[in-house]
Each structure stands twice: as structure tokens, then as C-alpha cells.
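Below is a short briefing on one protein model. Have the sequence and the fold in view while reading.

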Amino acid sequence: MINLHDIRYVRLGTRDLEGATRYARTILGLQEVRREAGCVFLRSDSRDHSVCYFEGDPTDHTVAFDIASDAHFDAAAAQLEAMRIDFRRGTRDEAHLRRVADFLSFRDPTGNQIELVLRAAQTGRGYHGERDAGIDSFSHVGLCTTDARRDEAFWTSVCNARVSDRIGEAPLLRIDEVHHKIALFPASRAGIQHVNFQVNGIDDLMRSWYFLREQGVPIRFGPGRHPTSHAMFLYFAGPDGMVYEYSTGVRTIAPEDEATYVPRQFPFDPTGFCMWGAKPEIPEFSA
């Protein structure tokens with residue numbers, strides 16, 4: 001089994017690198033780290049970077065996960081090979097660009113691009129976003145799935161993900177104590193469906209709600225509260241059709257509860273996504 005340790009970064013293609021970078025800095029609240037090889041790297045916490053925008057196809061998305069040790073990294077490569085899943089090992093230059101020691105690249109059954117990274121760089125410097133959005137950490141991604149049951153089986157049998165809850169057929173998957181680091185939403189395409197950042201509290205979330213409205217950024221969902229993770233949330237539009245989310249107060253599932261925890265089933269309608277009554281304007285959240 002591939003042991004995913006944590007989520008690490010997303011790589012997002014864009015036709016307007018300057019525009020996407022400006023949005024990330026001044027609207028989203030990320031800190032620009034560096035520009036290299038047609039890429040802009042931005043951070044949100046102690047990771048070297050959590051978002052990389054690069055000049056390319058806006059549908060070209062990658063999500064990366066940390067692998068905890070060399071042994072686990074080698075075991076992941078061996079498992080992919082044994083299962084005849086096409087993968088490749090990154091070149092030295094590609095690894096350096098990502099600030100990792102090594103990485104493996106493959107696609108899940110829907111075609112989502114996944115990277116498994118070894119010894120990703122941290123930074124000892126404090127995070128200072130250009131806009132103080134109160135971001136605490138890069139927390140999770142929503143991925144598109146063309147077959148939710150098939151992809152759930154992949155993430156929970158090939159990898160170490162566990163189902164926390166389901167909204168209709170859409171599973172919310174954890175790889176540590178946090179309620180979910182991966183959410184799979186039915187769609188007709190591959191790609192990242194949304195990118196989540198945790199903020200420090202409800203005050204940060206509500207300040208951003210007012211700020212985003214003043215800046216004319218379309219709000220896609222919220223403010224609201226998820227009945228699954230109990231997190232308070234706000235979804236809003238980003239460059240190239242990407243949806244970003246701020247949330248706070250996400251539920252955790254302690255290791256001692258793993259043996260007895262049973263996933264809950266929620267309806268795939270607005271009540272399954274928000275317990276306050278907010279209605280989503282996000283295609284993948286609508287029946």
C-alpha cells in the first residue's frame with residue numbers, strides 16, 4: 001500500500017501567468033517565493049510552496065503528496081510497477097525545480113495527475129502573505145472523478161486513504177487525523193475541482209467574505225458550515241475556472257477511534273453540503 005503522509009502542493013497551468021500570480025498574491029493571500037523555468041511558486045505556510053502556477057494548458061493540474069521515507073518511496077514505486085500502473089521518475093532538474101529529493105508521477109483511474117514526493121523542502125522563514133487572509137495551512141483538494149466507486153477503491157486499496165464520510169457517491173478521504181485531505185466529486189473530466197486553505201478562525205473567513213465581495217470576486221458557495229467535517233467554509237472563483245476555498249474548524253478523527261469509526265452518508269443536495277442553508281453555485285456540487 002502506498003503510504004501518503006500529507007498533501008504537499010498543486011501545480012496549475014495558466015495562459016496568464018502574471019494575472020494568476022497577481023490574484024494569488026493580492027486576492028488569495030499567498031506569498032510569492034520565486035520564479036523559475038516559466039513557473040511561479042507561492043507559499044501559504046512552512047512548506048517551500050503550496051501552489052505553483054506555470055505557463056501552460058489551464059486544464060493541466062497536478063496534486064502532490066509527501067511520502068515519509070526512502071523505504072516508503074521505493075515501496076510505492078514497486079507497487080505501481082507490480083500493478084502495471086504507468087509512472088515515471090522525475091529527472092534531477094524537475095526534482096530541483098519542485099525542491100524535492102525525488103518524485104514519482106502517475107495518473108489515478110480518472111486521469112488525475114499525481115506526484116509522490118520525497119523529502120520536500122520546508123522553510124524556516126515565517127509566512128507573510130501580501131494580503132493577510134489569516135491562512136494557516138494548505139489543507140486539501142477536491143478531485144474530479146468519472147467513477148466515484150472505482151476511484152474510492154483505488155485511493156483506499158492502492159493508497160492508505162480512508163473514507164470519513166460520503167455525500168451521495170462522493171467520498172471524503174483522510175490520510176491522517178484531519179477529516180479529509182482528498183474529496184472526490186463526480187464529473188465528466190479529470191482535474192482539480194477545488195483547492196482548500198485553512199484559516200485561523202471564523203473572523204478571518206468573514207473578513208475575506210467582505211473583502212472578496214468588495215473586489216468583485218464571485219462567491220461560489222457560502223459562508224456556510226459542512227455537516228460532514230463541521231468546517232465553516234467559503235468558496236470563491238479563481239483564475240482559469242479554479243475554485244478556491246477558505247475553511248476553519250475542520251473535524252479530526254483520533255487514531256484511537258480508527259478501529260470503530262464508521263463513515264456517515266449524507267444526501268447529494270444542498271443539505272449534504274451545508275447545515276446553515278447556503279446553496280452552492282458549483283457544478284460538481286449539484287445533482
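Is F233 buried or exposed? F233 is buried, because its relative accessibility is 0% and the cut-off for buried is under 20%. The model is a predicted one. It holds an open sheet of 9 strands and an open sheet of 8 strands.

**The sheet of 9 strands**

- The strand order is 14-15-16-13-9-12-11-10-17, and the pairing is mixed.
- Strand 14 (219-225) and strand 17 (264-266) are the edge strands; each has a single partner strand, so one side of each has no neighbour in the sheet.
- On average, neighbouring strands of this sheet are turned by 20° against each other, direction ignored.
- Strand 9 (residues 135-145) and strand 13 (residues 192-199) run antiparallel and are joined by 7 bridges.
- V141 has V195 in strand 13 as its bridge partner.
- Helix 4 (residues 148-158) packs on this sheet and touches strand 9, strand 10 (162-167), strand 11 (170-174) and strand 12 (182-186). The direction of helix 4 makes about 160° with that of strand 12.
- Helix 5 (residues 202-214) also packs on the sheet. Its contacts are with strand 13, strand 14, strand 15 (232-237) and strand 16 (243-248). The direction of helix 5 makes about 25° with that of strand 15.

**Strand 16 and its partners**

- Strand 16 is mostly covered, with 6 of its 6 residues buried.
- Side chains in a regular strand alternate between the two faces of the sheet.
- Both faces of strand 16 are covered. V243, E245 and S247 are buried on one side, and Y244, Y246 and T248 are buried on the other.
- Strand 16 pairs with strand 13 in the parallel sense, over 5 bridges. Here E245 stands opposite N196.
- Strand 16 runs antiparallel to strand 15, and 6 bridges join the two. Here E245 is the bridge partner of Y235.
- Strand 15 and strand 16 form a hairpin with 5 residues between them. In the turn, D240 has a positive phi of about 60°.

**The sheet of 8 strands**

- The order is 2-3-4-1-5-8-7-6, again with mixed pairing.
- Strand 2 and strand 6 (87-89) stand at the edges; each has a single partner strand, so one side of each is left without a neighbour in the sheet.
- Neighbouring strands here are turned by 20° against each other on average, direction ignored.
- Strand 1 (residues 6-14) and strand 5 (residues 61-67) run antiparallel, with 6 bridges between them. Y9 has A64 in strand 5 as its bridge partner.
- Helix 2 (residues 70-82) packs on this sheet, touching strand 5, strand 6, strand 7 (102-107) and strand 8 (113-118). The direction of helix 2 makes about 30° with that of strand 7.

**R34**

- R34 lies in strand 2 (residues 31-36).
- R34 counts as buried because its relative accessible area is 13%, against a cut-off of under 20%.
- The side chain of R34 makes a polar contact of 2.9 Å with the side chain of D48.
- The R34 side chain also reaches the backbone oxygen of L97, at 3.4 Å.
- Beyond its neighbours within four places in sequence, R34 is in contact with C39, V40, F41, D48, H49, L97 and R99.

**Nonpolar cores**

- The largest nonpolar core has 60 residues. L4, F65, L116, W155, F197, F236 and Y244 touch the most other members.
- Helix 1 (residues 17-28) gives this core its largest share, 6 residues.
- Another core, of 15 residues, lies apart from it; I167, A183, F266 and I282 are among its members.

**Aromatic pairs**

- The whole structure has 16 aromatic pairs.
- F185 and F285 form a tilted pair, with ring centres 4.8 Å apart and planes at 55°.
- F185 lies in strand 12 and F285 in the segment after helix 6 (270-273), so this pair ties together parts that are 100 residues apart in sequence.
- F185 is buried at 3% relative accessibility, and F285 is buried at 2%.
- F233 and Y235 form an edge-to-face pair, 5.4 Å centre to centre with 65° between the planes. Y235 is buried at 3% relative accessibility.
- Ring pairs link F185, F221, F233, Y235, F268, F273 and F285 into a cluster.

Conventions: Residues numbered from 1 in each chain as written. Predicted model: local features only at pLDDT ≥ 70, side-chain atom pairs only at ≥ 80, totals over all residues. Heavy atoms only, no water. Pairing = 2+ DSSP bridges. Helix = DSSP H or I, 4+ residues; strand = E, 2+ residues; numbered from the N terminus. Axes fitted to C-alpha atoms, helices over the stretch in contact; angles between N-to-C directions. Contact = heavy atoms within 4.5 Å. Buried < 20%, exposed > 50% of the residue type's maximum accessible area, 1.4 Å probe, protein only. Polar contact = N/O pair within 3.5 Å; in protein donor to acceptor, adjacent residues only side chain to side chain. Core = buried A, V, L, I, M, F, W, Y, C linked by side-chain atoms within 4.5 Å. Phe/Tyr/Trp six-rings, centres within 6.5 Å; stacked < 30°, edge-to-face > 60°.
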